[in-house]
Amino acid sequence: MINIAICDDDINVTKEIEDLINNMSNKQMFNIEIFVDGNEFLQTDYAKYDIVFLDIEMGSVSGIDIALEIRKINDSSIIFFITNHFRYISEALKSMPFQYILKPINVKRELFFEEFNRGLEKLKKSKHSIVISTQLGEQTIKADTIQYIEYINKKIIFHTNIGVFETVGKLKEWVEKLISYDFVQCHKSFIVNLNYIESVKHSMIIISGNTEIPIGRKYSQNFIEIRNKFLLRIKI
């Protein structure tokens, strides 16, 4: 069962989104909860929601405020911002939203279905885990928690949201295993998760937490092309 929350101070919008989701042939897989107040939403166990639709402008608590709170405890929630414009886009990007949906939603039903299905596919990917052998035994790591992978002194080092893990092997093997999950090699010694890139400055990638990752000349063109395709998924 996929848990979905819809939070908008306009009850008509929440019902519109709920109806669109329920019109899908596989609606039995969804558990939908509706909120018309941001504070009410924050009183729930919001970490449980797999997909969240948030109105950006809502009274005393904005959708951006809520999204940032969600990100403190759940990195894998698929967040859709519902909006009439992109006035707050720079601030909103800090919460790593999946997509923006313009009102009125019913006008572009097919686009809604397309983006929602794409969100479901990303959710499926976020639940993908890998198993590595460490000195302490086997360690299972969710792919979407990996910020970047480093190869140094014949060791493969996984830098994740929950810690650092070491194993042995070849970096190329992990490129092949993770390429379908938004990872790209940017240097002979580094693989990065595109979801954690905050900015790119000259030949350096800035990862969440201000970590700097170099871009190798040999990998530069491929990295730029793959990242551009990744960024185009958010149609601004």
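This text walks through a predicted model, from its nonpolar cores to a sheet with a packed helix and then to some backbone details.

In soluble globular proteins, nonpolar side chains tend to be buried together. Here the largest nonpolar core has 23 residues, and Ile-4, Ile-51, Phe-53, Phe-112 and Phe-116 touch the most other members. At least two residues of this core come from each of strand 1 (2-7), helix 1 (11-22), strand 2 (30-35), strand 3 (51-55), strand 4 (78-83) and helix 5 (109-126). Helix 5 gives the largest share, 5 residues. Ile-4 can serve as an entry point: leaving aside neighbours within four places in sequence, its contacts are Ile-21, Phe-30, Asn-31, Ile-32, Glu-33, Tyr-49, Ile-51, Phe-53 and Phe-116. There is also a second, separate core of 18 residues, with Phe-35, Tyr-49, Ile-64 and Phe-81 among them.

Further along the chain, 5 strands make up an open sheet with antiparallel pairing, in the order 10-9-8-12-11. Strand 10 (163-168) and strand 11 each have a single partner strand, so one side of each edge strand lacks a neighbour in the sheet. From one strand to the next, the twist averages 20 degrees. Within the sheet, strand 8 and strand 9 run antiparallel and are joined by 6 bridges; Ile-146 stands opposite Thr-160 of strand 9.

Helix 6 (residues 171-178) has four buried residues to inspect, Leu-171, Trp-174, Val-175 and Leu-178. These residues lie on the same side of helix 6 because they cover an arc of only 110 degrees around the axis. What do the buried residues of helix 6 pack against? Their partners are strand 6 (129-134), strand 8 (146-152), strand 9 (155-160), strand 11 (183-187) and strand 12 (190-193). Lys-172 and Glu-176 are exposed, on the face of helix 6 turned away from its buried side.

Most residues other than glycine have a negative phi, and most peptide bonds are trans. Three places in the loops deserve a look against that background. The peptide bond from Lys-103 to Pro-104 is cis, with omega near -5 degrees, and Pro-104 is in the loop between strand 5 (99-102) and helix 5. Asp-182, in the loop between helix 6 and strand 11, has a positive phi, near 70 degrees. Asn-210 also has a positive phi, near 65 degrees, and belongs to the loop between strand 14 (204-207) and strand 15 (211-214). Are these two residues buried or exposed? Asp-182 counts as buried because its relative accessibility is 7%, whereas Asn-210, at 62%, counts as exposed.

Note on methods: Residues numbered from 1 in each chain as written. Predicted model: local features only at pLDDT ≥ 70, side-chain atom pairs only at ≥ 80, totals over all residues. Heavy atoms only, no water. Buried < 20%, exposed > 50% of the residue type's maximum accessible area, 1.4 Å probe, protein only. Arc of directions from axis to C-beta. Contact = heavy atoms within 4.5 Å. Pairing = 2+ DSSP bridges. Axes fitted to C-alpha atoms, helices over the stretch in contact; angles between N-to-C directions. Core = buried A, V, L, I, M, F, W, Y, C linked by side-chain atoms within 4.5 Å.
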